[in-house]
Protein chains: 2
Amino acid sequence: MIEHSGTVTSTGTTSAPEAGVTSLLGVLAYGELMAFFDVARVAEMAPTVPSQQALGALAAREYSVFEQLSARLRELGADPAEAMQPFHEPFDNWHARITPADWHEGLMKIYAGSAIATDFYRELTDVLDPATADMIRRALPDDEQAAIARTALLEAIAQDERLAGRLALLGRRMMGEALSQAQLVALINDDLLDLIMDRGTGQGFDLVGFQQLLTRLGEKHTRRMAALGLDA
Amino acid sequence: MIEHSGTVTSTGTTSAPEAGVTSLLGVLAYGELMAFFDVARVAEMAPTVPSQQALGALAAREYSVFEQLSARLRELGADPAEAMQPFHEPFDNWHARITPADWHEGLMKIYAGSAIATDFYRELTDVLDPATADMIRRALPDDEQAAIARTALLEAIAQDERLAGRLALLGRRMMGEALSQAQLVALINDDLLDLIMDRGTGQGFDLVGFQQLLTRLGEKHTRRMAALGLDA
């Protein structure tokens, strides 16, 4: 279904299976396309033109990363739409279940929701070939995104204490949903599982290592919630 | 409220009143920001990843034009958010009244709705100083946007004849709403009216000329509808 050209060798030595890399880029690209739609929708909910502009700029940047990932897929001889296709379901589930009711919940989804995925992708770069790892690191959002959302959330919570409880609940729901949908991503794609998990190849996480990774994701989420004065 | 610096002279000789230019840039910038949200929403409704990608690219381009117009406002010593503020109402009215119910209506809003505004802005460049006119011409969308939407609409109409009636009706509503909201834009802003209409300055459209402009907008709209096989 997904074709591979020999051009992957031009990125240096790669011990990671090509099919797994194509799948991982497909996950990242579809995630970015959905994040673009998401951030654009939150930008539209923003109460002032300067905040619409700040979030609009973030959305435009997500789109540009999506284009970079699509271009990389084409370089590897894959059709981007085909590479993304298997991952529609988990991402569509995530976005359908975590639908911001208002501007503050939208900010929270950007601040705490996208960050869970970013932490996960950053962990994965440890087990990938250097060229792919480097491209993924460059595609991940910088701290500016989190900073914009955090500042606006702290202001909003300071003005309305009841908001804290609602956002804390949303944060917990997002962590749970993220883990469920990530499992679905892994389960539906054997190539991806081969890339990430050591199932006899000597490359990737073993079960203990993967458990530790999940623990780290939880700890980082807890710290992000604490930065807003919220319990995780 | 809106400050003007002397930097406008760096763009060459300008006979147009600066306040009017600031207002016009405010109209264009707010229009682009709203168009960005609009196209991103239509992109999200698109049925396939390649069409999501094509419209996503259009949305990202609208955002970039918005940023260029904001930068130009800052160069002129104006605060972009303030320059846009008076025009929230007519644009918000337009978007609230023309809300696409589905992907095809969304395409129609991009194809026929945005085009009415683009035709209007292009006509205005005839009465503006060359530097501002040139910047506005460069900011206007190229034909690619219309081509993407037209191709998709022709395919959809070919597959479902009942769609033609619904889209023809939407086209008529859009033309009517565009004229109403454009009048509101002009009425709420005297500087803009001074820029566009000749009210004793010898610069701008006289009433007959403006009536002819409106006739040309209507003719162009009719031709666009006819290109889809629809009556205007």
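A salt bridge is a side-chain nitrogen of Lys or Arg within 4 Å of a carboxyl oxygen of Asp or Glu. The exercises below apply this and related terms to a predicted model, in which local features need pLDDT of at least 70 and side-chain atom pairs count only at pLDDT 80 or more, while totals for chains, interfaces and linings use all residues. Residues are numbered from 1 along each chain as its sequence is written, chains are lettered from A in the order in which they are written, and side-chain values use heavy atoms, with hydrogens and water left out.

**Exercise 1. A salt bridge within chain B**

Task: Determine which helices are linked by the salt bridge of R166(B) and E105(B), and how far apart the two residues are in the chain.

Solution.
Step 1. The side chains of R166(B) and E105(B) form a salt bridge, with 2.7 Å from N to O.
Step 2. R166(B) belongs to helix α8 (residues 162–187) of chain B and E105(B) to helix α5 of chain B, so distant parts of the chain, 61 residues apart, are linked. Helices here are DSSP runs (H or I, at least four residues), numbered from the N terminus.
Step 3. Accessibility is then assigned: buried means under 20% relative accessible area, exposed over 50%, and partly exposed in between (1.4 Å probe, protein chains only). R166(B), at 35%, is partly exposed, whereas E105(B), at 12%, is buried.

**Exercise 2. Two salt bridges within chain A**

Task: State which parts of chain A are tied together by R97(A) and E177(A), and which by R224(A) and D119(A).

Solution.
Step 1. The closest N and O atoms of R97(A) and E177(A) are 3.8 Å apart, in a salt bridge.
Step 2. Because R97(A) lies in helix α4 (residues 88–97) and E177(A) in helix α8 (residues 162–187) of chain A, this pair ties together parts that are 80 residues apart in sequence.
Step 3. R97(A) is partly exposed, with a relative accessible area of 44%; E177(A) is buried, at 18%.
Step 4. For R224(A) and D119(A), the salt bridge has an N to O distance of 2.9 Å. R224(A) is in helix α10 (residues 207–226) and D119(A) in helix α5 (residues 103–124) of chain A, so parts 105 residues apart in sequence are tied together.
Step 5. R224(A) and D119(A) are both buried.
Step 6. Over all chains, a search of the whole structure finds 22 salt bridges.

**Exercise 3. The interface of chains A and B**

Task: Describe the interface of chain A and chain B by its contacts, buried area and salt bridges.

Solution.
Step 1. Contact (heavy atoms within 4.5 Å) involves 25 residues of chain A and 25 residues of chain B.
Step 2. Buried area is the accessible area (1.4 Å probe) that two parts lose on being put together, summed over both. For these chains it is about 1,800 Å², with 68% on carbon and sulfur atoms. In chain A, F37(A), V49(A) and Q53(A) lose the most area to chain B, together 31% of what that side buries.
Step 3. The interface has two salt bridges. R41(B) and E44(A) meet in a salt bridge at 2.5 Å, N to O.
Step 4. A further group, D38(A), R41(A), K109(A) and E44(B), is linked in a network of salt bridges.

**Exercise 4. A buried charge in chain B**

Task: Where in chain B does D129(B) lie, and which side chain of opposite charge is nearest to D129(B)?

Solution.
Step 1. D129(B) is placed in the loop between α5 (103–124) and α6 (130–139) of chain B.
Step 2. Lys and Arg count as positive and Asp and Glu as negative; His and the chain ends are not counted. On this basis the nearest side chain of opposite charge is R72(B), 6.2 Å away, and the buried D129(B) has no salt bridge.
Step 3. The side chains of D129(B) and T132(B) are joined by a polar contact of 2.8 Å. A polar contact is a pair of N or O atoms within 3.5 Å; within protein, one must be able to donate a hydrogen and the other to accept it, and residues adjacent in sequence count only if both atoms are side-chain atoms.

**Exercise 5. A buried alanine**

Task: Is A149(B) buried or exposed, and which residues does A149(B) contact beyond its neighbours within four places in sequence?

Solution.
Step 1. A149(B) is part of helix α7 (residues 143–159) of chain B.
Step 2. A149(B) has a relative accessible area of 1% and is therefore buried.
Step 3. Beyond those neighbours, A149(B) contacts L107(B), I110(B) and Y111(B). The C-alpha atoms of A149(B) and I110(B) are 7.0 Å apart, although 39 residues separate the two along the chain.
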